[in-house]
Amino acid sequence: QLQLVESGGGLVQPGGSLRLSCAASGFTLDYYTIGWFRQAPGKEREGVSCIISSDGSTYYADSVKGRFTISRDNAKNTVYLQMNSLKPEDTAVYYCAAGTISYYSDYGHEYDYWGQGTQVTVSS
């Protein structure tokens, strides 16, 4: 069974940091492009970042550029999203997804596998 499990979410104050993890089971994660997405209440899902399987290239939404960093640890079969300088507007459920695409996707329709999501809340 192919599964992705997100972890690391929680409550943090504005300006704080969190590191999200996306752990894969049932497949080798580095064969796939991994994307991070988020969905806030009342809003559509949006792309946050991705790391391309073929060459390790990374991409970021303008809203998080300079604050978030995506990385891969092949030995642990895990992809991370380091989130710094968090803002209230970053509050959302964050999902990771795996696919065979080699480009950035704003909404993730091309991805094949999705995790269950982890809640990130940025509030004083």
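**Entry 1: Ala97**

Which strand does Ala97 lie in? I looked it up, and Ala97 belongs to strand 9, which covers residues 92–99. A reminder to myself before going on: this is a predicted model.

Next I asked whether Ala97 is buried or exposed. Its relative accessibility comes out at 0%, so I put Ala97 down as buried, the cut-off being under 20%.

What does Ala97 touch, once its neighbours within four places in sequence are set aside? I listed Leu4, Thr33, Ile34, Gly35, Phe37, Tyr111, Tyr113 and Trp114 as its contacts. I picked Tyr111 from that list for a second look. Tyr111 is 14 residues from Ala97 along the chain, yet their C-alpha atoms are separated by 6.2 Å.

**Entry 2: strand 3 and its partners**

I then moved to strand 3, residues 18–25. How does strand 1 run relative to strand 3, parallel or antiparallel? I found the two antiparallel, with 5 bridges joining strand 3 to strand 1 (residues 3–7). To place the pairing on the model, I looked for Val5, which stands opposite Ala23 of strand 3.

Strand 3 is also joined to strand 8, residues 78–83. I noted 6 bridges here, and this pair runs antiparallel too. Which residue of strand 8 is the bridge partner of Arg19? I found that it is Gln82.

A general note for reading these strands: in a regular strand the side chains alternate between the two faces of the sheet.

**Entry 3: two positive phi values**

I went through the loops on either side of strand 8. Asn77 sits in the loop between strand 7 (68–73) and strand 8. Its phi is near 55 degrees, which is positive although Asn77 is not a glycine. Ser85 sits in the loop between strand 8 and strand 9, and I got a positive phi there as well, near 50 degrees.

Why write these down? Most residues other than glycine have a negative phi.

How do the two fare for accessibility? Asn77 has 17% relative accessibility, so I count Asn77 as buried. Ser85, with a relative accessible area of 42%, goes down as partly exposed.

**Entry 4: the largest pocket**

Last, I checked the largest pocket. How much space lies in it? I have about 160 Å³.

Its lining includes Arg38, Gln39, Ala40 and Pro41, and further along the chain Pro88, Glu89, Asp90, Thr91 and Ala92. Lys43, Glu44 and Glu46 line the pocket as well. Sorting the lining by type, I got 6 charged, 4 nonpolar and 2 polar residues.

Terms used
Residues numbered from 1 in each chain as written. Predicted model: local features only at pLDDT ≥ 70, side-chain atom pairs only at ≥ 80, totals over all residues. Heavy atoms only, no water. 1 Å grid on protein atoms, 1.4 Å probe; cavity = no way out; pocket = protein on both sides within 12 Å on 5 of 7 lines; lining within 4 Å. Points joined across faces, edges and corners; volume = space filled by probe spheres on them. Nonpolar A, V, L, I, M, F, W, Y, C, P; charged D, E, K, R; others polar. Pairing = 2+ DSSP bridges. Helix = DSSP H or I, 4+ residues; strand = E, 2+ residues; numbered from the N terminus. Buried < 20%, exposed > 50% of the residue type's maximum accessible area, 1.4 Å probe, protein only. Contact = heavy atoms within 4.5 Å.
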